Amino acid sequence: MLKMQGLSKVFQIEQVQTHALRGLDLHVREGEFVAVTGPSGSGKSTFLNIAGLLEESTAGSYELDGQDVSRLGDSQRSRIRNEKIGFIFQGFNLIPDLTLYDNIDVPLRYRGLGAKDRRERITSVLERVGLGSRAQHYPGALSGGQQQRAAIARALAGTPRLLLADEPTGNLDTEMARSVMELLQEINSAGATIIMVTHDQELALRASRNVHIVDGHLSDLVRQPGGLAAA
Ligand code: ADP
Ligand code: MG
């Protein structure tokens, strides 16, 4: 589904260049659940943002569903993002003065979906993450675990085939982290491909494959059962 080759990313701020990615190679097949670990600053978020077409690589190739997406214009990137990709961030990124219902509705409106379709999607994803009775609550009235579930519901409402999660359990206690992980595993079982960045080894081991990023590329110290991701 996703094929990256020789991906590099250089951030340039005034005179300072940062090499966030240096020749990253990764293949992910449809239906995989890949956990990405690595030290802080090793390029994990940069990799995920490029995978989700939020950022462009400086060099290298990226194919999504067989299409070269490494050099697309903004409007094409956001179209593909809307169609195929869901994002879950560590900080939840919920809008505080909108109810959960409206938080989930915002991206669906952007997609131009009709009112009835939106209502059905919102009700069904809130049920799915166990927040069916909280549709009219504001994010501030929810626990961290519930907010993360709401953020997952928002990502799911667009029925993405590829779900990208950047430290989705980073702000949660162990029990809540496990329940978020279980939810992600269910979503994966239902067919979505998931790439999750985490620093939690125990959760990483529950994914179907583990990759380790060090210094902007995959470390080959971690065994890759998929066989396709050798660095
Ligand atoms: P990780 O998620 O593994 O902690 P990041 O991908 O966030 O790592 O960052 C990798 C490197 O790129 C770091 O040195 C970071 O400071 C740098 N970096 C990330 N984003 C930017 C940016 N927008 N501008 C400049 N440097 C950045
Ligand atoms: Mg990060």
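The following paragraphs lead through two sheets and the helices that pack against them. The structure is a predicted model.

The account begins with the smaller group of strands. An open sheet of four strands is arranged in the order S2-S1-S4-S5, and its pairing is antiparallel. Strand S2 (16-28) and strand S5 (67-68) lie at the edges and have a single partner strand each, so one side of each has no neighbour in the sheet. Within this sheet, strand S1 (residues 2-13) pairs with S2 in the antiparallel sense, and nine bridges connect the two. As an example of how residues face each other across this pair, Lys 9 stands opposite Leu 21 in S2.

The other sheet is also open, and it is built from six strands in the order S6-S7-S8-S3-S9-S10, with mixed pairing. Its edge strands are strand S6 (85-88) and strand S10 (217-218), each of which pairs on one side only.

Strand S8 (residues 193-197) deserves a closer look. What are its neighbours in the sheet? On one hand, strand S3 (residues 33-37) runs parallel to S8 and is joined to it by four bridges. In this pair, Phe 33 stands opposite Ile 194 in S8, and Val 36 stands opposite Val 197 in S8. On the other hand, strand S7 (residues 162-166) pairs with S8 over five bridges, again in the parallel sense. Here Ala 165 stands opposite Met 196 in S8.

Is S8 mostly covered or mostly uncovered? It is mostly covered, for five of its five residues are buried. The covering extends to both faces of the strand: Thr 193, Ile 195 and Val 197 are buried on one side, and Ile 194 and Met 196 are buried on the other.

Helix H1 (residues 44-51) brings the two sheets into one picture. With respect to the four-stranded sheet, H1 lies across S1, S2 and strand S4 (59-64), and it runs at about 120° to S1. With respect to the six-stranded sheet, H1 packs on it and touches S3, S6, S7, S8 and strand S9 (209-214), its direction making about 155° with that of S7. Seven of the eight residues of H1 are buried, so this helix is largely enclosed by the rest of the structure. The buried residues are Lys 44, Thr 46, Phe 47, Leu 48, Asn 49, Ile 50 and Ala 51. Just after H1, Leu 53 adopts a positive phi of about 60°.

Helix H5 also packs on the six-stranded sheet, where it touches S6 and S7; the direction of H5 makes about 170° with that of S6.

The last step concerns the packing of one helix on another. Two packed helices are described by the angle between their axes and the distance between those axes. Helix H4 (residues 115-128) and helix H5 (residues 144-157) pack at an angle of about 140°, and their axes are 9 Å apart. This angle makes H4 oblique to H5, because only angles over 145 degrees count as roughly antiparallel. The crossing of the two helices is right-handed. Which residues of H4 and H5 make the contact? From H4 come Arg 121, Val 125 and Arg 128, and from H5 come Ala 153, Leu 156 and Ala 157. These contact residues divide into four nonpolar, no polar and two charged.

Methods. Residues numbered from 1 in each chain as written. Chains lettered and ligands numbered in written order. Predicted model: local features only at pLDDT ≥ 70, side-chain atom pairs only at ≥ 80, totals over all residues. Heavy atoms only, no water. Pairing = 2+ DSSP bridges. Contact = heavy atoms within 4.5 Å. Axes fitted to C-alpha atoms, helices over the stretch in contact; angles between N-to-C directions. Parallel < 35°, antiparallel > 145°, perpendicular 65-115°, else oblique. Left-handed = near helix turned anticlockwise from the far one by under 90°. Nonpolar A, V, L, I, M, F, W, Y, C, P; charged D, E, K, R; others polar. Buried < 20%, exposed > 50% of the residue type's maximum accessible area, 1.4 Å probe, protein only.
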